Amino acid sequence: YETLGDYLKIASKTTKHYMAHGIPQHRFFFNKGKQIVAWGKIEEAENKVVQIGPITLDMRKRANEQKEVEVEFDDKTKEIIWDIYKKDFELFGYDAT
């Protein structure tokens with residue numbers, strides 16, 4: 001793929017497991033408009049111990065520490081991301097900025 005936008009255009013519509021990171025998340029949480037899976041924002045769980053059913057996640061430690069990388073997208077890529085993930089942004093409470 002030449003650009004991230006090219007990848008996302010294909011990955012967002014696929015059922016191939018190796019491209020699953022591109023699939024809009026609402027497809028995993030909703031079926032026919034009804035929420036079928038509970039969800040939460042990972043950034044709200046940082047530095048906490050989280051209980052999800054029988055699973056306990058210790059979010060105070062990470063498997064691998066990595067430096068944060070800031071990425072700038074051009075306007076065309078931002079538009080592609082917004083078009084593909086608009087429903088995710090709305091359902092999960094994120095804005096377009």
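This briefing walks through a few helices, strands and loops of the structure above. The model is a predicted one. Two good places to begin are helix H1 (4-11), whose buried residues pack against helix H4 (75-91), and strand S3 (residues 49-52), which is joined to strand S4 by four bridges. The points below take these regions in turn and then visit some loop residues.

**Helix H1 and what it packs against**

- Three residues of H1, namely Gly5, Leu8 and Ala11, are buried. Looking down the axis of H1, you will find these buried residues within an arc of 135°, so they line one face of the helix.
- That pattern fits a general rule: an α-helix has 3.6 residues a turn, so residues three or four places apart point the same way.
- The partner for the buried residues of H1 is helix H4, which spans 75-91.

**Ser12, in the loop after H1**

- Ser12 sits in the loop that links helix H1 (4-11) with helix H2 (26-29).
- Ser12 counts as buried because its relative accessibility is 3%, and buried means under 20%.
- Setting aside neighbours within four places in sequence, Ser12 has contacts with Gly22, Ile23, Pro24, Arg27 and Ile84.

**Asp88, in helix H4**

- Asp88 belongs to helix H4 and has a relative accessibility of 8%, so Asp88 is buried as well.
- Beyond residues up to four places away in sequence, Asp88 touches Pro24, Gln25, His26 and Gly93. Pro24 also appears among the contacts of Ser12.
- Two C-alpha to C-alpha distances help you place Asp88: Lys48 is 40 residues away in sequence and 24 Å away in space, while Thr56 is 32 residues away in sequence and 26 Å away in space.

**The hairpin of strands S3 and S4**

- Strands S3 and S4 run antiparallel, with four bridges between them.
- Across the pair, Val49 stands opposite Asp58, and Val50 stands opposite Leu57.
- Two residues lie between the strands of this hairpin, where Gly53 has a positive phi near 60°.
- Thr56 is part of strand S4. Its relative accessible area is 49%, which means that Thr56 is partly exposed, since a residue counts as exposed over 50%.
- Not counting residues up to four places away in sequence, Thr56 touches Val49, Val50 and Gln51.

**Exposed loop residues**

- Lys32 is in the loop between strand S1 (30-31) and strand S2 (34-35). With 84% relative accessibility, Lys32 counts as exposed.
- The backbone is worth a look here too: Lys32 has a phi near 55°, a positive value in a residue other than glycine.
- Asn47 lies in the loop between helix H3 (42-45) and strand S3. Asn47 is also exposed, because its relative accessible area is 61%.
- Leaving out residues up to four places away in sequence, Asn47 touches Met59 and Arg60.
- From Asn47 to Met19 there are 28 residues in sequence and 29 Å in space, C-alpha to C-alpha.

**A nonpolar patch on the surface**

- Leu4, Val69, Val71 and Phe73 make up a nonpolar patch on the surface, and together they have about 370 Å² of accessible area.
- One of these patch residues, Val71, is located in the loop between strand S4 (55-58) and helix H4.

Terms used:
Residues are numbered from 1 along each chain as its sequence is written. This is a predicted model: local features need pLDDT of at least 70, side-chain atom pairs count only at pLDDT 80 or more; totals for chains, interfaces and linings use all residues. Side-chain values use heavy atoms; hydrogens and water are left out. Buried means under 20% relative accessible area, exposed over 50%, partly exposed in between (1.4 Å probe, protein chains only). Contact means heavy atoms within 4.5 Å. The arc is that of the directions from the helix axis to the C-beta atoms. Patches are made of residues with over 30% relative accessible area and no salt bridge: like charges are joined within 9 Å, nonpolar side chains (Val, Leu, Ile, Met, Phe, Trp, Tyr) within 5 Å. Accessible areas come from the Shrake-Rupley method with a 1.4 Å probe; for residues, only the protein chains shown count as cover. A salt bridge is a side-chain nitrogen of Lys or Arg within 4 Å of a carboxyl oxygen of Asp or Glu. Two strands pair if DSSP finds at least two bridges between them.
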